[in-house]
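Me: I am new to this structure and would be grateful for a close look at a single part, the salt bridges. Please describe which residues take part and where they lie.

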Amino acid sequence: MAEQRKKTASLLLSVDGNPPVSLECFPAEQWPAAGGVPGLFRVRQGGKWLRGHGGEKYHFMTPEALGGHIAQLLCGHEPAPAPDLPVGTPVRVPNGNTFAGLPLYDATRTATPPFQAADGRWHVHVLLYGRGLVAVPCDTLKHR
């Protein structure tokens with residue numbers, strides 16, 4: 001059965017001597033129950049949905065990450081895998097304060113699956129007291 005959701009774009013990449021790769025981009029907000037938020041995309045490559053590092057069924061990308069993915073395909077490189085941080089993973093987020101020279105953290109949980117931002121780093125959204133939903137680089141998080 002064909003996909004019924006509305007796609008934003010379709011691309012067909014042909015790179016020297018390699019078989020063509022098709023990409024279809026769908027707005028992530030069409031999957032709100034899976035953590036899709038406006039501004040992100042779910043991508044189907046070669047007729048199969050891209051999955052996160054841990055094999056998560058739903059994986060969302062920023063426009064910049066999607067551009068980076070396309071650039072990596074053009075250069076013949078596979079993109080860096082997403083970290084294994086499914087929605088609801090307990091994490092500690094650095095809050096910028098220190099005590100006795102040691103960094104302090106806020107305890108929270110991931111609110112979305114990991115996505116790549118314009119800087120190429122993997123991020124997740126977390127809910128922080130007094131700040132709401134905040135995108136945080138995954139490499140700054142600590143598991144609790």
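Reply: The following account concerns the salt bridges and the residues that form them.

The model is predicted, so local features need pLDDT of at least 70 and side-chain atom pairs count only at pLDDT 80 or more, while totals for chains, interfaces and linings use all residues. Residues are numbered from 1 along each chain as its sequence is written, and side-chain values use heavy atoms, with hydrogens and water left out.

A salt bridge here is a side-chain nitrogen of Lys or Arg within 4 Å of a carboxyl oxygen of Asp or Glu. The whole structure contains two salt bridges. One of them joins the side chains of E24 and K7, at 2.8 Å from N to O. This pair connects distant parts of the chain, 17 residues apart: E24 belongs to strand β2 (residues 21–27), and K7 to the segment before β1 (9–13). Strands (E, at least two residues) and helices (H or I, at least four) are DSSP runs, numbered from the N terminus.

E24 also forms a salt bridge with R44, where the closest N and O atoms are 2.7 Å apart. Because R44 lies in strand β3 (residues 41–45) and E24 in strand β2, this pair ties together parts that are 20 residues apart in sequence. K7, E24 and R44 are thus linked in a network of salt bridges.

As to accessibility, buried means under 20% relative accessible area, exposed over 50%, and partly exposed in between (1.4 Å probe, protein chains only). E24 counts as buried because its relative accessibility is 14%, and R44 is buried as well. K7, by contrast, is partly exposed, with a relative accessible area of 37%.
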